[in-house]
Amino acid sequence: MSLSHGGRSAFERLRARLDERAYTCEACGFVDDACEWEAATSGATVEYRRECPSCGTEHVRRYRL
Ligand SMILES: [Zn+2]
């Protein structure tokens, strides 16, 4: 990795931030407090995806590194 925000990577910090809170599905209102985001990075951005276990809607969060 070529991230240089001192100590832990920005990647790790974003992930920790997402994992902190329960996730509420915007489509069906299902609250998932054990959410697992799947991370994928492509250079300048990192994308976290998860699928609602209730309705199957895919949610994406995209951040700039
Ligand atoms: Zn849902």
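Me: What helices and strands does the protein chain have, and how are they assigned?

Reply: The protein chain has one helix and five strands. These elements are DSSP runs numbered from the N terminus: helices are H or I runs of at least four residues, and strands are E runs of at least two. From the N terminus on, their order is α-β-β-β-β-β. The model is predicted: local features need pLDDT of at least 70 and side-chain atom pairs count only at pLDDT 80 or more, while totals for chains, interfaces and linings use all residues. Residues are numbered from 1 along each chain as its sequence is written, and side-chain values use heavy atoms, with hydrogens and water left out.

Me: Which atoms are the protein donors of the zinc ion, and what makes them donors?

Reply: They are the SG atoms of Cys25, Cys28, Cys52 and Cys55, lying 2.3 Å from the zinc ion. A donor is an N, O or S atom within 2.8 Å of the metal (3.2 Å for Na, K and Ca), so these sulfur atoms qualify. Water is not among the atoms, so sites may look incomplete. Along the chain, the donors follow the spacing C-x2-C-x23-C-x2-C.

Me: Why is the site of the zinc ion called tetrahedral?

Reply: The angles among its four donor atoms are 108 to 113 degrees. Four donors count as tetrahedral if all angles lie between 85 and 135 degrees, so the site meets that condition. For the other classes, four donors count as square planar and six as octahedral if opposite donors are over 155 degrees apart and all others between 65 and 115; anything else is irregular.

Me: How do you know whether cysteine 25 and cysteine 28 are buried or exposed?

Reply: Buried means under 20% relative accessible area, exposed means over 50%, and partly exposed lies in between (1.4 Å probe, protein chains only). Cysteine 25 has 3% relative accessibility and therefore counts as buried. Cysteine 28, at 38%, therefore counts as partly exposed. Over the protein chain, buried residues make up 25% of the 65 residues.

Me: Why is threonine 24 called partly exposed, and where does it lie?

Reply: Threonine 24 has a relative accessible area of 42%, which is why it is classed as partly exposed. It lies in strand 1 (residues 23–24). Not counting residues up to four places away in sequence, threonine 24 touches Gly29, Phe30 and Val31, where contact means heavy atoms within 4.5 Å. Its C-alpha atom is separated by 8.9 Å from that of cysteine 52, 28 residues apart along the chain.

Me: What makes glutamate 36 exposed, and which residues does it touch?

Reply: Glutamate 36 has 68% relative accessibility and therefore counts as exposed. This residue is found in the loop between strand 2 (31–32) and strand 3. It touches Arg49 and Arg50, residues up to four places away in sequence not being counted.

Me: How do you know that strand 4 pairs with strand 5?

Reply: Two strands pair if DSSP finds at least two bridges between them. Strand 4 (residues 45–51) and strand 5 share seven bridges in the antiparallel sense, so the criterion is met. Tyrosine 48 stands opposite arginine 61 in strand 5, glutamate 47 opposite arginine 62, and threonine 45 opposite arginine 64. The hairpin of these strands has six residues between them, and glycine 56 takes a positive phi near 85 degrees there.

Me: How many bridges join strand 3 to strand 4?

Reply: Four bridges join them, and the strands run antiparallel. In strand 4, glutamate 47 is the bridge partner of alanine 40, and arginine 49 is that of glutamate 38. Their hairpin has three residues between the strands, with glycine 43 in the turn at a positive phi of about 80 degrees.

Me: Why are strand 3 and strand 5 called edge strands, and what packs on the sheet?

Reply: The open sheet of three strands has the order 3-4-5, with antiparallel pairing. Strand 3 (38–41) and strand 5 (58–64) each pair on one side only, and they are the edge strands. The twist averages 20 degrees from one strand to the next. Helix 1 (residues 10–20) packs on the sheet, touching strand 3, strand 4 and strand 5, and its direction makes about 30 degrees with that of strand 4. Axes are lines fitted to C-alpha atoms, for helices over the stretch in contact, and angles run from 0 to 180 degrees between N-to-C directions.
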